[in-house]
Amino acid sequence: MSDAERLKVAVVGSGPAGFYAADALLRASPPARVDLFERLPVPFGLVRYGVAPDHQSIKRVQVAFERTAALPGFRYFGNVELGRDVSTDELLRGYNAVLVATGAALDRRLEIPGENLEGSYAATAFVGWYNGHPDFVDLRFALGAERAVVVGMGNVALDVARILLHDRDELAKTDISAAALAALRDCPVREVVLLGRRGPAQAAFDQGELEAIADLPHVGVQVDGDVSFADEAELPAPARKNLAYLARLALSPPPTEPRRLRLRFLASPLEILGDGGRVRALRIGGNRLVGSGPHVRAEPTGETWELPTGLVIRSVGYRGAAVPGLPFDAKRNVIPSSAGRVTSLTGEPQPGLYCSGWIKRGPTGLVGTNKADSKETVDLLLRDAAELLRRKPSLDVDALLAERRVKVVTFEDYQRIDALEKARGSERGKVRDKQERVSDMLAAAFPRA
Ligand code: NAP
């Protein structure tokens, strides 16, 4: 088969959605050629920078992505940013198709007074920081509080709570950032309160993730309030599992462990109160539930109270960012698409453009959810193959990047960064010691330069 009969696809974003899309394209019949573009020198997106450092088993999916990278027809273009180094239009001219999988890197705000006080942070920044992401490495977090409040009842909220409560010597063995570990060693936190605006039946976390905290030897979990639910049979299975587990915790005697996680449902943050520019308390409003099924809403009861705290972390979801040169639905923070075929905001097809992952469906689901999502997009792309092959590539993107003196990191170059991080990690008794600055990554990728 000649190259002219094989699709040449640019995939943008090297997180799970990008890698699963690349894999499906490379294993298609006939196999496509895939150039995978990534803004950072290092690949794997949220697997490297979102999955918590003490969840190394989840990070192992990286091995599957490394196998994808070894397939014939795959090329990695690290350190190449769409909109800075190359435009969407140029990629469209250089490839038969462009598949965007840039995720959802931004945070959502609570839009309440006091959010900018020192001691009030977004979980996205906190997670990026403890995972050594270059965008967050210079942030400083004031962690000098005995009680922290995490707003939100999702798996990210539980990750943040677990990292705050975890034994520091255990964390030291992971790939956590050294600066974050040092700050956590000085952090006196003894209690983390998780605040959910709706009830226990609407909690977004997975039972196993709560159990992982309850299983930590020095951490007790306490559930405040009533967790019984009248119409349990009507709930989806994960919610029933959560409720059964929460009911067990609620019946247990109060925890005596030195550190504690408390779950408080039907409570919304109203205002973060400060003293001298620093968080001192959270004003909270009680809620009741109205409506039914998945549309259950929280409505204020009018009851309010203050909870003293020096640290408030909002974990109320991620938010997708507009991608230069592509349509963007600013209400849902996604690229508008029909199952992955990009459309305009009014639904007109955008030939050659596809999307998958969080930037397609919003920030929901686990790492593996992206496999089916990317397959759905790639199936459509392959169905369009005849038409896409008629869009003959007319621009040499390799030459364009060379002309612009972009320091492209190949997968082989990345493997030098990877080897260095692992070697440094093993010297320091941890699984990996990450390079946290782009300049250090590039120095490791190009040792002779
Ligand atoms: P999420 O699952 O959507 O949870 C967001 C939480 O924030 C919900 O409890 C939501 O409550 C609450 N919330 C939203 N707006 C709020 C507001 N204004 N005030 C108070 N609470 C508010 O998002 P996430 O935790 O960021 O996780 C993102 C995705 O990654 C999820 O699919 C998650 O499962 C996945 N993930 C998985 C793992 C793991 O498997 N270990 C780890 C991390 C993340 P409502 O329900 O009332 O809206």
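**Note on strand β7 and the second largest pocket**

1. In this predicted model, strand β7 and strand β14, the latter covering residues 311–314, run parallel and are joined by 4 bridges. One pairing can be followed residue by residue, since the bridge partner of Val 149 in β14 is Val 312.

2. Strand β7 also has a partner in strand β8 (residues 191–195), and here 5 bridges join the two strands, which again run parallel. To find this pairing in the structure, look for Ala 148, whose bridge partner in β8 is Val 192.

3. Is strand β7 largely enclosed or not, and why? Of the 5 residues that make up β7 (residues 147–151), 4 are buried, where buried means under 20% relative accessible area, and the strand is therefore largely enclosed by the rest of the structure.

4. A separate feature to examine is the second largest pocket, which holds about 250 Å³ of space. It is lined by 14 residues, and those closest to its centre are Gln 56, Lys 59, Gln 62, Lys 422 and Arg 432. The elements that contribute two or more residues to this lining are α3 (56–59), α4 (62–69) and α16 (411–427), and α4 gives the most, with 3 residues.

5. Which classes of residue make up the lining of the second largest pocket? Counted by class, the lining of this pocket has 8 charged residues, together with 4 nonpolar and 2 polar ones.

Conventions. Residues numbered from 1 in each chain as written. Predicted model: local features only at pLDDT ≥ 70, side-chain atom pairs only at ≥ 80, totals over all residues. Heavy atoms only, no water. 1 Å grid on protein atoms, 1.4 Å probe; cavity = no way out; pocket = protein on both sides within 12 Å on 5 of 7 lines; lining within 4 Å. Points joined across faces, edges and corners; volume = space filled by probe spheres on them. Nonpolar A, V, L, I, M, F, W, Y, C, P; charged D, E, K, R; others polar. Buried < 20%, exposed > 50% of the residue type's maximum accessible area, 1.4 Å probe, protein only. Pairing = 2+ DSSP bridges.
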